[in-house]
Amino acid sequence: MIDSERLHPRPDERTTPTGMVGAPVPRREAPAKVTGAARYSADVHLPGQLEAAIVRSPHPHARVRSVDVRAALAVPGVVDVLTPADTATVRWYQEGVPLLGSTVRFVGDEVAAVAATSARAARAGAAAVRVDYEPLPHVTDFEAALDPDAPAVHPGGNRTKAPKVQGRGDVDAALATAEVVVERTYRTPTAVHNAFEPHGCVASWSGGELTLHASTQGVNDVRSMIADALGLAHSRVRVIAEHIGGGFGAKQIPWKDVAIAALLSQRCLRPVRCLYDRRGENLAAGKRGATRQRVRLGARRDGTLVAIDAELLGDSGAYRTGGESAALWGPYLSLYRCPAVRTTTTFVYTNTGPAVAFRAPGFVESIFALESAMDELADRVGVDPIELRRRNHTDVDQEAGRPLSSPTALPAAYDRIVEVAGWVPRPLVPPDHTEGAPDRRADPAITREQTVRYGRGFAAHDWVGGGASPPGFADVELHEDGSAEVRTTTQDIGTGTRTLLAQVAAEQLGLDPDEIRIGLGDTAAGPPAPTSSGSATAPTMAPAVRAAAAEARHRLLAAAADRLGCRADELHLSAGEIAAGDGRRCSVAEVLAGIGPEGVRGRGATLGQPDGVTVRTSGAAVADVEVDVATGEVRVTRIVVAPDCGRIINPRLVESQIIGGVAQGIGFALTESQLTDGRLGTVVNASLEDYLVPTVADTCAVHHAVVGVADEAANPLGVKGIGELPMIAVPAAIANAVSDAIGVRITELPITRRRVLDAVALAGRAARSRPQPARPQPAQQQPAQAPADTAQETTERPR
Amino acid sequence: MSNDDAYGDDAHRDDASARWSADLDRRALRRALVRINGRAQLIATEERTTLVELLRDELGLTGTKEVCGMGDCGACTVIVDDDAVYSCLVLAAECDGHEVETIEGQARGGQLSNVQEAFIACDALQCGFCTPGQVLAVEAELRRASPADDAALVEALSGNLCRCGAYRHLIDAARLAARRAAGAGAGAVAP
C-alpha cells in the first residue's frame, strides 16, 4: 500500500485560496472508465467504416521487387489495397523514406495495407497480398552494426550521425591524476512500451476536411505532421484523442497508422480504422533502444568526483523517429558537480524496429550505469552511498553556467528518503562468497531461508524534463448562466490532466472542480498546447489555465464592481457568490446575466522558460530485495521514491504516477527485454505472452517520501511534472540492492536468474581461488576490498 | 485478433486465400440466445466469431477491450455465468443459453457497483484500458468467495495485466470492495 503522507507540507495561502490546489480530488473521468463509457480511438465506429490491415515485411532487410494485389482484391469484403506505388510521395521518418517501402529494413516494416468491410476480411486480404522480396544482408545487433564489415542499413554507414561529444574540462588529465578510478561497461536491453490501446486511428473525410480519431499524446503534432505529409492545410485537419489507452512516449509522434487510415479513407470515400495488432505494436511502434555504456569515474580519496567519462552507444533501430529517443548523455553532464566531464554518444542503425522516447528516455538507461558506478565508488572509498551523492551535489546547471531553479530539492529528497526508508549509513561491505551457494536441488533439506540474501540499494537521478514545454495556451469562459469551462488542446493520457486543470481553475473562480467543464484532446477544442511528453503537461498547462482563470476572475469582478458600485479589489468571490466588504452581495450568475451572451473570457499562456535559471527535476529511490542465490530469483520487497515534482496539485494522481513508474522500473530491471534472433533477424517475443510486462505478483510495497519543495522559480504555481520521475532511479536502485545482497555487480539489465546465478558462481570461484583478505570492519571507515571479479575493470592509483 | 497470417510466406498466402473461399461455402450463421447484461438477445453470428468480437463489433458494447487477442492480458475479461472469462478465448456461439455480463451492465439504475465505487475511491486506474477487465475480475472473485481472503483477491487479479502499473491501487480497491461486500453481507444477515 502506498504510504503517502498527508499533503501539503507548505500550504500557500496566496495560491490556494480555496484549498483546491493540493487536494486529492477524485479523477474526473474515473466513472467513465469504470463503466466502459470512456471512448478510445479503438472504440470509434462511424457509419460505413472500413477496417485496415497492414502487410508487414517478414525479412529484416529486403528490396521489394513487386507487390501483387490481385488475390487480395478477390477476397470477399476487400475494398482497396494501398501499395508502395500509391504512396511514393508520402515520406516518413527522419530519413524521408516512402511511407510504404520499396526497401524494407526490419521485420514488421510496412509494405502494403488492405481496407475491407471487416477486420477479418482485411486480415485475409493482407495475407493474400503477394510480395516479391529480394533479401539483403542484415544486422540486428547494435554493437555488431559498428563493425566495418557489417551490412549497411542505409547508404553511408550505420552511424546515424557523427559521434556527439559533450562536456567540459580536461577529462584525460583529471583521470590521470585521480586517486581512485572506477571503470566498467554496462548494458541495457530493448524495452517495448506495449501500451494496451494499440497505435490506431479512424480517419474520415468530409468536404475536403480530414478528421482523425488518433490514439496520440499530441493532437497538434499529429495534425501538423500529417497535414504536411499529405500536402493539406493544417486548418483542414482535425485530430481528436478523447481518451488514450497508454502512451509512455510511443505516441508522442504520429505513426503510420494515421497516414494509412487517412489515405485509404481518401481513396475509398469512407471512414477507415487502422489499428496495429499486438505483434505490430511490438515490432513497429517504437521501443527503448538497447545501450552499451562504458563509464569511468575519477575521484579523490574522499569520493569527490574529479572526472566523468562516458562512451555511450545506443540502438536507433532502422529509422530515426524524431524527438529525443534517448538523451543518454544527460545525467553524466548534470547530476553531479564535476569539473571534467566528457560524453561521447553514438547511435547506430540496425535492422530492427525504430526507437522512440519511452518514459524518461535515455535517463533510465544512463542512471542505471552512472548510479551503479557511483555505488561502486562508494564501496571503493568506504563512504555511505547517500553521503557520496551529497558530497557531489551541485546547485547549478554546469553546462549552461546558471543556477538550478530549485537547488534544495535534491538534498531534500536525500533527507526524506533516509527518513522514510530508514536508511542506515554504511560503508558497503562485500559479502563472503568463500562457501559458495548451497545447492537446494542436491539437498532438499536446504530451505529458502538458507539461500536467500537480503540487499538494499540507493540511486539518485535527475531529469531534463518536468519543466514547461512552451508555448501552451488555455481559455477560460464563464457563460451567461454562470457555468464555466476550460478549453485547450492538451491531452489527458491517463495522468489526470483534466482533473488537475479543473482544480487550478476552480481555485481562481471560487467553484467546485466538478462544476467546470474541461475541453481538451481535440485540435478544435481550443488554443495550442504542447504534446504530452517530458512530464511537461502540468508545468505548462496548469500555469496557463491559472492565468486564464485569473483573467476571467478579474473581468467578472470588474463587472460585479460596476453593478455593486464599489471597487473590484474589495470583492470576495466564493461558491458562486460575490461579496463586498460592507456585506452587499450578488451571485456570479446575476453578473453574467447582466453581461449577456458574450460572457466573461480569459486567456492564459505559458510562453517561455524562466530567465536566469534552469528548471530540472530530480529525485531518489531506495530498493529492498531478496535474492535467492540457489535459484537466482530476485524479489523486490519494497521501493521508496522521493521525486521532486514541485508543488503537488493532486496527491492522489501523483501517487498513481508513482506506483506506475515504480512498476515499470521493476519491469525494466528484472523482466523486460525484447529479443531478436540475429540470424533470422526476427523478434522472438513480440507478444504479451513472451515479452514480460510486470504483473500484480511483481509489484511490492511502494512508499512515497514527499519532497514538498515548491519550485517558485519555475512558475507561479511552483509546479513541475511527475510522470517520468518515479521510474528513473528504480532499476539502478534495484541493481545496487542486488549487488548489496550478493556482493557482485550485475552490469546488464534485466537482472535475470541466469545472470544472478552466473555472477554468484563466478564470485564463488574467484573467492575460493585466492588467499582470503582480511575483511574490513564497517566502523573503521576504510575502503572495502572489492572481490576479484569486481576489480577486474577497476584501476586504483597509488596515492 | 492474431494477425499471424499476414506474416507468412507466399505459399501460406495462397493457402489462406483458398481457405477463405472454402470458408464462404460453410458460412452459415449460427443462432444463439444469449442473456447479455440481464436481457435475452437472439444473435446470428459466424461460428468463428469470438465473444469479444460479438460484443464490440456486432453489439457495440465497446467497454470490453481487446488487447492481445490470445488470452495473455485479461483486458477482455467478462463474466459468464458468474465466472470471469477471457472473451477473446470464447466463441460467441458457445454462449447460447448462458448469461454474459459486461462492464456496461455493472451499474444498476445509475448506481455504480461496489467494485466500481472502490476503483474510483482508490484511483485504481490510469489510462483505463484494462480497467473494465480488472473490475470484472474482482467482481467475479467477490461473488465466488465472500468474504474473500486476501491472497485470493491478489490471485484473482493475477490474470489481468496493467501496463500503467496501477497494481498497488488495484489491490487496495479489491480489498476495499471485499470489506464493503462483507459488511453489506453481515448487515443483511443481522438487521
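**Exercise 1. Place Arg39(A) and work out whether it is buried or exposed.**

Solution. Start with the number: Arg39(A) has a relative accessibility of 37%, so it counts as partly exposed (buried is under 20% relative accessible area, exposed over 50%, partly exposed in between, with a 1.4 Å probe and protein chains only). A word on the ground rules: this is a predicted model, where local features need pLDDT of at least 70 and side-chain atom pairs count only at pLDDT 80 or more, while totals for chains, interfaces and linings use all residues. Residues are numbered from 1 along each chain as its sequence is written, chains are lettered from A and ligands numbered from 1 in the order in which they are written, and side-chain values use heavy atoms, leaving out hydrogens and water.

Next, find Arg39(A) in the loop between helix 1 (30-35) and strand 1 (50-56) of chain A (helices, H or I with at least four residues, and strands, E with at least two, are DSSP runs numbered from the N terminus). Finally, look for its partners: leaving aside neighbours within four places in sequence, Arg39(A) is in contact with Val44(A), His213(A), Glu242(A) and His243(A) (contact means heavy atoms within 4.5 Å).

**Exercise 2. Do the same for His461(A): is it buried or exposed?**

Solution. His461(A) sits in strand 20 (residues 452-463) of chain A. Its relative accessibility is 1%, so His461(A) counts as buried. Not counting residues up to four places away in sequence, His461(A) touches several others, among them Leu335(A), Ile367(A), Ser618(A) and Leu725(A).

**Exercise 3. Describe how helix 5 and helix 6 of chain A cross.**

Solution. First, the geometry: the axes of helix 5 (residues 219-230) and helix 6 (residues 256-268) of chain A come within 11 Å and cross at roughly 55°. That makes helix 5 of chain A oblique to helix 6 of chain A (under 35 degrees is roughly parallel, over 145 roughly antiparallel, 65 to 115 roughly perpendicular, and the rest oblique).

Then the residues: Val222(A), Ile226(A) and Leu230(A) in helix 5 meet Val258(A), Ala259(A), Ala262(A) and Leu263(A) in helix 6. Sorted by type, the residues of this contact are seven nonpolar, no polar and no charged.

**Exercise 4. Check the span of helix 14 of chain A.**

Solution. Helix 14 (residues 537-564) of chain A has 28 residues, so at 1.5 Å a residue it should span 40 Å (the expected span is 1.5 Å times one less than the number of residues). Its end C-alpha atoms are 39 Å apart, which agrees. Just after helix 14, Gly565(A) takes a positive phi of about 70°.

How values were computed: Axes fitted to C-alpha atoms, helices over the stretch in contact; angles between N-to-C directions. Nonpolar A, V, L, I, M, F, W, Y, C, P; charged D, E, K, R; others polar.
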